[in-house]
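Hi,

As promised, here is the structure I have been looking through. Have a look at it first, and then read on for what turned up.

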Amino acid sequence: MRNTATQDESVLSVSAMFLGIGHIPNAAMFKGLIDLDADGYIKTTDQVFTKVPGVFACGDVQDRRYRQAITAAGSGCMAALEVEKYLEEHGH
C-alpha cells in the first residue's frame with residue numbers, strides 16, 4: 001500500500017478483499033482473467049457471477065447504469081451472500 005500524502009509504502013497481508021474503484025470501471029488488472037466488455041466493465045450473469053467460479057463482481061466495476069454508492073453497497077451484499085454460499089458448498 002502507498003500513503004498518497006506521505007508516499008510511505010507498506011505491505012498488508014490479506015486473504016480476501018473488496019476493491020472500491022470509483023466512477024470509472026478501472027478493471028484492466030483483471031483483463032485475461034475474467035471477461036470485460038469493450039468499455040472495461042466486468043461482465044457478469046445474474047448480477048454478480050463472473051465466468052470464474054468463486055470470483056464475483058459488484059458495484060461500479062460491473063454496473064454501468066446504477067454506479068451510485070447505494071447500488072454498490074446493495075450489490076456488494078449480494079456478492080457477499082454468494083461468497084458465503086460458495087464457501088459453504090466447498091467445505092469452508
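Phe49 is partly exposed in this predicted model, because its relative accessible area of 29% falls between the 20% and 50% cut-offs. Phe49 caught my eye for its partner: together with Phe56 it makes an edge-to-face aromatic pair, with 5.6 Å from centre to centre and 65° between the planes. Phe56 itself has a relative accessible area of 18%, so it counts as buried, the limit being under 20%.

Phe56 has a further aromatic contact. Its ring also pairs with that of Tyr86, again edge-to-face, at 6.3 Å centre to centre and with 75° between the planes. This pair joins distant parts of the chain: Phe56 sits in the segment before α1, while Tyr86 belongs to helix α1, and 30 residues separate them. Tyr86 is partly exposed, at 26% relative accessibility.

How many aromatic pairs does a search of the whole structure find? The answer is two. Phe49, Phe56 and Tyr86 come together as one aromatic cluster.

There is also something on the surface for you. Met1, Leu12, Val14 and Met17 make a nonpolar surface patch of about 470 Å². Of these, Met1 lies in the segment before α1, the helix that covers 69–89. Met1 counts as exposed because its relative accessibility is 61%, and the cut-off is over 50%.

Happy to talk it through whenever it suits you.

Best wishes

Definitions and conventions: Residues numbered from 1 in each chain as written. Predicted model: local features only at pLDDT ≥ 70, side-chain atom pairs only at ≥ 80, totals over all residues. Heavy atoms only, no water. Patch = residues over 30% accessible without salt bridge, like charges linked within 9 Å, V, L, I, M, F, W, Y side chains within 5 Å. Areas by Shrake-Rupley, 256 points an atom, 1.4 Å probe, with all protein chains shown as cover. Salt bridge = Lys/Arg side-chain N within 4 Å of Asp/Glu carboxyl O. Helix = DSSP H or I, 4+ residues; strand = E, 2+ residues; numbered from the N terminus. Buried < 20%, exposed > 50% of the residue type's maximum accessible area, 1.4 Å probe, protein only. Phe/Tyr/Trp six-rings, centres within 6.5 Å; stacked < 30°, edge-to-face > 60°.
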